[in-house]
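Q: Could you walk me through the inside of this protein, up close? I'd like to see what sits around one residue in there and then move outward.

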Amino acid sequence: MTRETRIERRTLLIGGTAAIGGMALSGCTANAIPIKVYKNAGCGCCKVWVQRLKAASFETTVEDRDDLQELKKQLGVPDDLASCHTATVDRYVIEGHVPPADIKRLLAQKPAARGLSVPGMPVGSPGMEVEGQPNEAYTVWLFQDSGQRSPFAKYAAK
(Lines give C-alpha, C1' and ligand atoms only; values in the text may rest on other atoms or scores of the structure.)
Protein backbone atom coordinates (compact mmCIF):
# COMPACT_ATOMS: atom_id res chain seq x y z
CA MET A 1 0.00 0.00 0.00
CA THR A 2 1.42 3.38 -0.95
CA ARG A 3 1.69 6.32 1.41
CA GLU A 4 -1.00 8.21 -0.59
CA THR A 5 -3.42 5.27 -0.31
CA ARG A 6 -2.91 5.12 3.48
CA ILE A 7 -3.57 8.86 3.75
CA GLU A 8 -6.72 8.62 1.61
CA ARG A 9 -8.04 5.68 3.69
CA ARG A 10 -7.33 7.54 6.92
CA THR A 11 -9.10 10.66 5.60
CA LEU A 12 -12.10 8.57 4.54
CA LEU A 13 -12.29 6.80 7.92
CA ILE A 14 -12.02 10.05 9.87
CA GLY A 15 -14.58 11.76 7.65
CA GLY A 16 -16.99 8.82 7.90
CA THR A 17 -16.66 8.72 11.69
CA ALA A 18 -17.34 12.46 11.89
CA ALA A 19 -20.42 12.10 9.69
CA ILE A 20 -21.81 9.29 11.84
CA GLY A 21 -21.11 11.31 14.99
CA GLY A 22 -22.92 14.26 13.46
CA MET A 23 -25.98 12.13 12.74
CA ALA A 24 -26.04 10.92 16.33
CA LEU A 25 -25.81 14.47 17.65
CA SER A 26 -28.63 15.60 15.37
CA GLY A 27 -30.92 12.86 16.68
CA CYS A 28 -30.80 10.63 13.61
CA THR A 29 -30.28 7.02 14.54
CA ALA A 30 -30.45 3.94 12.42
CA ASN A 31 -32.15 2.01 15.23
CA ALA A 32 -34.89 4.51 16.08
CA ILE A 33 -38.06 2.82 17.34
CA PRO A 34 -41.24 4.31 15.85
CA ILE A 35 -43.93 5.17 18.42
CA LYS A 36 -47.15 7.15 18.01
CA VAL A 37 -48.33 9.27 20.94
CA TYR A 38 -51.92 10.47 21.36
CA LYS A 39 -52.47 13.35 23.79
CA ASN A 40 -54.50 16.47 24.55
CA ALA A 41 -53.12 19.59 22.87
CA GLY A 42 -52.41 21.50 26.08
CA CYS A 43 -50.82 18.70 28.11
CA GLY A 44 -47.35 19.80 29.27
CA CYS A 45 -46.32 16.55 30.96
CA CYS A 46 -47.12 14.64 27.76
CA LYS A 47 -44.70 16.87 25.86
CA VAL A 48 -41.98 16.17 28.42
CA TRP A 49 -42.64 12.40 28.19
CA VAL A 50 -42.23 12.64 24.40
CA GLN A 51 -38.86 14.37 24.98
CA ARG A 52 -37.82 11.43 27.20
CA LEU A 53 -38.79 9.03 24.39
CA LYS A 54 -36.76 10.96 21.82
CA ALA A 55 -33.74 10.99 24.13
CA ALA A 56 -34.05 7.19 24.35
CA SER A 57 -33.95 6.73 20.53
CA PHE A 58 -37.67 6.56 19.85
CA GLU A 59 -38.91 8.15 16.63
CA THR A 60 -42.06 9.85 17.85
CA THR A 61 -45.15 10.93 15.98
CA VAL A 62 -47.56 12.98 18.09
CA GLU A 63 -51.27 13.41 17.42
CA ASP A 64 -53.40 15.76 19.50
CA ARG A 65 -56.87 14.27 20.08
CA ASP A 66 -60.06 15.48 21.72
CA ASP A 67 -61.45 11.93 21.97
CA LEU A 68 -58.77 10.24 24.09
CA GLN A 69 -61.26 8.31 26.25
CA GLU A 70 -62.84 6.76 23.15
CA LEU A 71 -59.40 5.95 21.72
CA LYS A 72 -58.37 4.26 24.99
CA LYS A 73 -61.49 2.07 24.81
CA GLN A 74 -60.76 1.16 21.19
CA LEU A 75 -57.20 0.23 22.10
CA GLY A 76 -58.29 -1.89 25.09
CA VAL A 77 -56.96 0.22 27.97
CA PRO A 78 -58.82 -0.70 31.18
CA ASP A 79 -60.38 2.34 32.89
CA ASP A 80 -58.42 1.79 36.12
CA LEU A 81 -55.10 1.80 34.21
CA ALA A 82 -55.79 5.06 32.35
CA SER A 83 -53.53 8.08 32.41
CA CYS A 84 -53.18 11.34 30.48
CA HIS A 85 -51.76 10.04 27.20
CA THR A 86 -51.70 6.86 25.14
CA ALA A 87 -49.15 5.55 22.65
CA THR A 88 -48.84 2.65 20.24
CA VAL A 89 -45.58 0.92 19.42
CA ASP A 90 -45.33 -2.26 17.38
CA ARG A 91 -48.47 -4.19 18.42
CA TYR A 92 -48.58 -2.77 21.96
CA VAL A 93 -50.41 0.03 23.75
CA ILE A 94 -48.42 2.21 26.13
CA GLU A 95 -50.57 4.10 28.64
CA GLY A 96 -49.21 6.95 30.72
CA HIS A 97 -45.72 7.79 31.92
CA VAL A 98 -44.05 4.44 31.19
CA PRO A 99 -40.24 4.67 31.31
CA PRO A 100 -38.64 4.28 27.86
CA ALA A 101 -36.40 1.45 29.15
CA ASP A 102 -39.51 -0.57 30.07
CA ILE A 103 -40.95 -0.04 26.58
CA LYS A 104 -37.68 -1.31 25.09
CA ARG A 105 -37.75 -4.35 27.38
CA LEU A 106 -41.35 -5.05 26.32
CA LEU A 107 -40.33 -4.92 22.65
CA ALA A 108 -37.33 -7.18 23.27
CA GLN A 109 -39.30 -9.77 25.28
CA LYS A 110 -42.45 -9.63 23.12
CA PRO A 111 -44.86 -11.05 25.73
CA ALA A 112 -48.40 -12.00 24.77
CA ALA A 113 -50.02 -8.84 26.17
CA ARG A 114 -52.00 -5.77 25.20
CA GLY A 115 -49.50 -3.31 26.63
CA LEU A 116 -47.98 -1.42 29.55
CA SER A 117 -49.49 1.18 31.84
CA VAL A 118 -48.49 3.58 34.58
CA PRO A 119 -51.92 4.63 35.85
CA GLY A 120 -52.45 8.19 36.99
CA MET A 121 -49.55 10.61 36.96
CA PRO A 122 -47.07 9.61 39.69
CA VAL A 123 -44.50 12.27 40.59
CA GLY A 124 -41.06 11.13 39.49
CA SER A 125 -42.21 9.02 36.55
CA PRO A 126 -40.77 10.14 33.17
CA GLY A 127 -42.33 13.49 32.30
CA MET A 128 -43.68 13.97 35.82
CA GLU A 129 -40.46 15.06 37.51
CA VAL A 130 -41.29 17.93 39.87
CA GLU A 131 -38.44 19.92 41.39
CA GLY A 132 -38.63 19.93 45.16
CA GLN A 133 -41.12 17.05 45.27
CA PRO A 134 -40.07 13.55 46.32
CA ASN A 135 -40.67 10.78 43.78
CA GLU A 136 -43.68 8.58 44.45
CA ALA A 137 -43.52 4.80 44.25
CA TYR A 138 -45.25 3.42 41.16
CA THR A 139 -45.74 0.21 39.23
CA VAL A 140 -45.60 -0.36 35.49
CA TRP A 141 -48.39 -2.84 34.74
CA LEU A 142 -48.39 -5.39 31.92
CA PHE A 143 -52.02 -5.85 30.92
CA GLN A 144 -53.91 -8.33 28.77
CA ASP A 145 -56.99 -7.98 26.56
CA SER A 146 -58.87 -9.87 29.28
CA GLY A 147 -58.10 -7.11 31.78
CA GLN A 148 -55.68 -9.35 33.68
CA ARG A 149 -52.51 -7.55 34.72
CA SER A 150 -49.20 -8.23 36.42
CA PRO A 151 -46.34 -6.00 37.60
CA PHE A 152 -43.77 -5.44 34.86
CA ALA A 153 -41.54 -3.05 36.84
CA LYS A 154 -41.66 -1.30 40.20
CA TYR A 155 -40.11 2.01 41.11
CA ALA A 156 -39.53 3.02 44.72
CA ALA A 157 -40.28 6.38 46.27
CA LYS A 158 -37.27 8.64 46.81
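A: Sure, and keep in mind that this is a predicted model. Let's start at Leu116. Leaving out residues up to four places away in sequence, Leu116 touches Val93, Ile94, Glu95, Val98, Asp102, Ile103, Leu106, Val140, Trp141, Leu142, Phe143 and Phe152.

Now zoom out a bit. The largest nonpolar core has 23 residues, and Leu116 is among the four that touch the most other members, along with Ile94, Ile103 and Val140. Plenty of elements chip in: at least two residues of this core come from each of the strands S1 (33-39), S3 (86-89), S4 (92-96), S5 (115-118), S6 (138-143) and S7 (149-155), and from each of the helices H2 (44-55) and H4 (100-109). There's also a second, separate core, made of 8 residues, with Leu68, Val77, Leu81 and Phe143 among them. As a general rule, nonpolar side chains in soluble globular proteins tend to be buried together.

Next, look at the rings. Phe152, one of the residues Leu116 touches, has Arg105 lying over its face, 3.7 Å from the ring centre. The structure also holds 1 aromatic pair. That pair is Tyr138 with Tyr155, and it's stacked, with 4.8 Å centre to centre and 15° between the planes. Tyr138 belongs to strand S6 and Tyr155 to strand S7, so the pair links distant parts of the chain, 17 residues apart. The two partners also have their own accessibility values: Tyr138 counts as buried because its relative accessible area, 10%, is under 20%, while Tyr155 is partly exposed at 28%.

Terms used. Residues are numbered from 1 along each chain as its sequence is written. This is a predicted model: local features need pLDDT of at least 70, side-chain atom pairs count only at pLDDT 80 or more; totals for chains, interfaces and linings use all residues. Side-chain values use heavy atoms; hydrogens and water are left out. A nonpolar core is a set of buried Ala, Val, Leu, Ile, Met, Phe, Trp, Tyr and Cys residues joined through side-chain atoms within 4.5 Å. Buried means under 20% relative accessible area, exposed over 50%, partly exposed in between (1.4 Å probe, protein chains only). Helices (H or I, at least four residues) and strands (E, at least two) are DSSP runs, numbered from the N terminus. Contact means heavy atoms within 4.5 Å. Rings of Phe, Tyr and Trp (its six-membered ring) pair if their centres lie within 6.5 Å; planes under 30 degrees apart count as stacked, over 60 as edge-to-face and the rest as tilted. A charge sits over a ring if NZ of Lys or CZ of Arg is within 6 Å of the ring centre and within 35 degrees of the ring normal.
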